[in-house]
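Please read the following report alongside the sequence and the coordinates. It goes from the overall fold to two residues of the backbone.

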Amino acid sequence: MSRMTSAVIPEEFAQRHCPSCGKPLTLNQCSDSRAICLVCTNDHRFYVLPDAPLAAESAKAGLMQLPQLKSAPPEAIASYWLSDPAARFILNEQLADLLRTILDAHVAPCDPEFSFCPFCGLAFAEFEQPDIWVRGLACSDGHVFSTRGNKLATTVDGKRLTFHSEHSFAAMKALITGWLKPDPRLEAQLHESIRFVLLSSRFCRPDVSSV
Ligand SMILES: [Zn+2]
Ligand SMILES: [Zn+2]
């Protein structure tokens, strides 16, 4: 378990600006042992995370023997996966986002934009870069990021640093629907206890359409 690390906030980030609105960010409680939760005065929440587990590691999660979770309530199961070092180490990055959102019982009002540099608060401008899977964002102070989906990433002192924005209710519904589809690649990472948590969540109830 030597690769199990938690997020560390670098010195560059002492000021902490919200990437959505530029307002100051402060530390917030977090149910995830690997993440640091930051919240701004407009209630935009971001989770700072170190590197995601390798795909070969997270593909072992589906077959983990966890008899102690057999009759546990969904909250206890989500909490176990987010806090037990061995389980958290192999938990798929997106499943961690889903479990954290379910356990913290908080969603974004809409899908957040990355508009401001979290290090200095200056506005981001998009720039051309070779990776077609991500968008390049940079501020006029020279801080360079890449973004894809709900993630904003950069490298500080050789270490990858990723901000995950909180998902909206609609995004949670869509992501959970995706995970529950029959697909051997997803099933290898989706432990039956996590499937139960996803199915029990308010995002899987057909009659609920908002917060
Ligand atoms: Zn904000
Ligand atoms: Zn900047």
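The report below describes the chain as a whole and then two loop residues.

This is a predicted model, in which local features need pLDDT of at least 70 and side-chain atom pairs count only at pLDDT 80 or more, while totals for chains, interfaces and linings use all residues. Residues are numbered from 1 along each chain as its sequence is written, and chains are lettered from A and ligands numbered from 1 in the order in which they are written.

The chain holds 7 helices and 8 strands, where helices (H or I, at least four residues) and strands (E, at least two) are DSSP runs numbered from the N terminus. Its radius of gyration, taken over C-alpha atoms, is 17 Å, close to the 17 Å that the globule rule gives for 211 residues, so the chain is as compact as a globular protein of that length; that rule is 2.2 Å times the number of residues to the power 0.38. The C-alpha trace spans about 50 × 40 × 35 Å along its principal axes.

Of the 211 residues, 36% are buried, a residue being buried if 20 or more other C-beta atoms lie within 10 Å of its own, exposed if 12 or fewer, and partly exposed in between, with C-beta atoms placed from the backbone. Among contacts (C-beta atoms, placed from the backbone, within 7 Å) with a separation of 6 or more, 57% join residues 24 or more positions apart.

Two residues have a positive phi although neither is a glycine.

| Residue | Phi | Loop between | Other C-beta atoms within 10 Å |
|---|---|---|---|
| Asp-43 | about 65° | strand E2 (36-40) and strand E3 (45-49) | 13, partly exposed |
| Asp-157 | about 50° | strand E7 (151-156) and strand E8 (159-165) | 8, exposed |

Conventions. Contact = placed C-beta atoms within 7 Å.
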